[in-house]
Amino acid sequence: MRSIWKGALTFGLVNVPVKVYSATEDHDVPLHQVHHEDGGRIRYQRVCEIDGQPVEYADIDRAYVDDGQTIVLTKDDLASLPAERSREIDVVEFVPREQVDLLTLDRAYYLEPDSKSAKAYVLLRKTLEQTDRTAIVRFTLRQKTRLAALRVRGDVLVLQTLLWADEVREAAFPALDEDVKISTKELEMSAALVESYSSDFDPEEYVDEYQKELRTLIEAKIEAGEGFDAATTFGDEGTAEKGGEVIDLMEALRASVERTKAARKGSTAADADDDDSDDDDADDKPASTRKKAATKKAATKKGTPKKPAQKKAAAKKKAG
């Protein structure tokens, strides 16, 4: 695993240097969008809506739109915020584990001790186990202030981000306000049904059937020879994934078109200087007529080509 963040857990005067790792990963089969006829890769570009030009990711800033105004926030603006400069995970309080609502749990991260001695790390872990408490912490990750629950999983400290209170919707359903009567017999039968399904939870027993069948389908298509040549349909994956290959190609094409236009304009201007009187008359004519006139004029300067009969007569006269 690769560390995504480094900082320190702090509570009181205790400082625990740690590295942060994503504790979960997506097991879905990666699928791309392609043209159904030839398997050609379909990509998306970041395009500015004002000039229509592709924009490199490094040139993209954030913005907030309010009351008809777009407020641009640069990377320097965001980096100047006090929270963004902090590299500490501050313990706010220690609470009973049952008080952390499972609905508010979000992303999970492993914490690894980042010092020569893991004593402070182990001390905090054992303290949480002994007191049966969960630490509520606050820190900044990827330009956002986060609230999180710090708990123990085996020998590792786990940081699990929490949703803020205003991010959890209120469940207001009128049907639940009605007075519903449940008989003792109904409750006993329901409890018996629950008991018949009761077991100890083992997550290893459960498999994502959709992803399993999807992989089987892909393997069957490979064996049937239904695949396209990836080098032809996807191109160079090393550079294309960054989007630079597409943008560079577009820029090269655009520059070529502009260069051709400039060359044609310069050639037309040179021909115009040869005969001012012809230009005066041509200005009043359509573009197509002017183009034909220019072509005819160029042919006249070089001399009108002789017809086959004329060439034959000239050769006969020279021989006599």
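How much area does the chain expose, and what share of it do carbon and sulfur atoms supply? The chain exposes about 26000 Å², and carbon and sulfur atoms supply 53% of that (areas come from the Shrake-Rupley method with a 1.4 Å probe; for residues, only the protein chains shown count as cover). This is a predicted model, where local features need pLDDT of at least 70, side-chain atom pairs count only at pLDDT 80 or more, and totals for chains, interfaces and linings use all residues. Residues are numbered from 1 along each chain as its sequence is written, and side-chain values use heavy atoms, leaving out hydrogens and water.

**View 1. The largest nonpolar core has 20 residues.** Such a core is a set of buried (under 20% relative accessible area) Ala, Val, Leu, Ile, Met, Phe, Trp, Tyr and Cys residues joined through side-chain atoms within 4.5 Å. Leu 9, Ile 89 and Leu 111 are among the residues that touch the most other members. Strand β7 (133-141) is one of the elements supplying at least two residues, and β7 gives the most, with four (strands are DSSP runs of E, at least two residues, numbered from the N terminus).

**View 2. Here's a close-up of Leu 9 and its partners.** Skipping neighbours within four places in sequence, Leu 9 is in contact (heavy atoms within 4.5 Å) with residues including Val 14, Asn 15, Leu 124 and Leu 157.

**View 3. A second core sits separately.** Val 95, Val 100, Leu 147 and Leu 162 are among its six residues.

Key:
Buried < 20%, exposed > 50% of the residue type's maximum accessible area, 1.4 Å probe, protein only.
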